[in-house]
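Please walk me through this structure, beginning with the surroundings of a single residue and going on to the core, the pockets and the cysteines.

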Amino acid sequence: MQYVDGFVLPVPKKNLKAYKALAKLACKVWLDHGALDYRECVAEDVKPGKLTSFPQSVKLKTGETVVFSWITYRSRKHRDAVMAKVMKDPRLAKMMDPKKMPFDAKRMFFGGFDTIVTA
């Protein structure tokens with residue numbers, strides 16, 4: 001079964017163009033280093049919930065939207081190898097500067113997941 005890194009983050013709507021450019025670069029870097037799949041998705045039908053929701057998870061503010069992303073690998077070992085290469089890639093230096101990110105990284109959450117069902 002595959003391994004997946006998942007991300008949820010708030011992006012100001014006015015920064016979506018800049019975020020998309022950053023995401024296209026990140027996609028290229030991850031795929032160049034061996035990731036199997038890379039997806040970045042912007043909220044289209046995501047409503048605040050009473051107890052939990054995507055907007056609540058990132059403390060969504062007025063003028064922002066939610067982005068849901070994932071990267072797929074063959075295994076956790078494969079993810080760790082790809083990630084080591086990605087973190088050394090000079091194309092990402094600009095992306096790693098919190099002052100230049102088109103979103104609030106402090107409200108992003110992420111984690112690694114083993115796949116249990118696939119079709």
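Two residues are said to touch, or to be in contact, when heavy atoms of theirs lie within 4.5 Å. The model is a predicted one, and every contact named below is to be read in that light.

With that cut-off in hand, Tyr3 offers a place to begin, a residue located in strand E1. Leaving aside residues up to four places away in sequence, Tyr3 touches Ile71, Thr72, Tyr73, Arg74, Ser75, Arg76 and Arg79, and also Gly112, Phe113, Asp114 and Thr115. Tyr3 counts as buried because its relative accessible area is 6%, and buried means under 20%. A further relation is that of Tyr3 to Asp80, for the two are 77 residues apart in sequence, while their C-alpha atoms are 10 Å apart in space.

From this residue one can turn to the largest nonpolar core, which holds 22 residues, and in which Leu9, Tyr19, Trp30, Ile71 and Tyr73 touch the most other members. Strands E1 and E3 and helices H1 and H3 each supply at least two residues of this core, and the largest share, six residues, comes from H1. Tyr19 can be followed in more detail: not counting residues up to four places away in sequence, Tyr19 touches Leu9, Val11, Glu40, Val67, Ser69, Pro102 and Phe103.

Several of these names return in the pockets. The largest pocket has a volume of about 450 Å³ and is lined by 25 residues, of which Phe7, Trp30, Met95, Met96 and Met108 lie nearest its centre. Strand E1 (3-12), helix H1 (16-32), strand E2 (37-42), strand E3 (64-73), helix H3 (76-88) and strand E4 (109-114) each supply at least two residues of that lining, with the largest share, five residues, coming from H1. By residue class, the lining of the largest pocket divides into 18 nonpolar, four polar and three charged residues.

The second largest pocket has a volume of about 180 Å³, and its lining consists of Leu16, Tyr19, Lys20, Ala23, Lys24, Cys27, Tyr38, Glu40, Cys41, Val42 and Val67. Here H1 and E2 each supply at least two lining residues, and H1 again gives the largest share, which in the second largest pocket is six residues. The lining of this second largest pocket comprises eight nonpolar residues, no polar ones and three charged ones.

Cys27 and Cys41 both belong to the lining of the second largest pocket, which raises a question about their sulfur atoms: how far is the sulfur of Cys27 from the closest cysteine sulfur? That closest sulfur is in Cys41, at 11 Å, and the two are therefore too far apart for a bond, given that a disulfide requires cysteine sulfur atoms within 2.5 Å. Seen from the other side, Cys41 likewise has its closest cysteine sulfur in Cys27, at 11 Å, and by this rule the count comes to zero disulfides. As for its surface, Cys41 counts as partly exposed because its relative accessibility is 30%.

A last stop is Lys59, which lies in the loop between helix H2 (54-57) and E3. The backbone of Lys59 has a positive phi of about 55°, although this residue is not a glycine. Is Lys59 buried or exposed? Lys59 counts as exposed because its relative accessibility is 62%, where exposed means over 50%.

Note on methods: Residues are numbered from 1 along each chain as its sequence is written. This is a predicted model: local features need pLDDT of at least 70, side-chain atom pairs count only at pLDDT 80 or more; totals for chains, interfaces and linings use all residues. Side-chain values use heavy atoms; hydrogens and water are left out. On a 1 Å grid over the protein atoms alone, a cavity is a set of points where a 1.4 Å probe fits but cannot get out, and a pocket is an open set with protein on both sides within 12 Å along at least five of seven lines; lining residues have an atom within 4 Å of a point. Grid points are joined across faces, edges and corners, and a volume is the space filled by probe spheres set on the points. Helices (H or I, at least four residues) and strands (E, at least two) are DSSP runs, numbered from the N terminus. Ala, Val, Leu, Ile, Met, Phe, Trp, Tyr, Cys and Pro count as nonpolar, Asp, Glu, Lys and Arg as charged, and the others, Gly among them, as polar. A nonpolar core is a set of buried Ala, Val, Leu, Ile, Met, Phe, Trp, Tyr and Cys residues joined through side-chain atoms within 4.5 Å. Buried means under 20% relative accessible area, exposed over 50%, partly exposed in between (1.4 Å probe, protein chains only).
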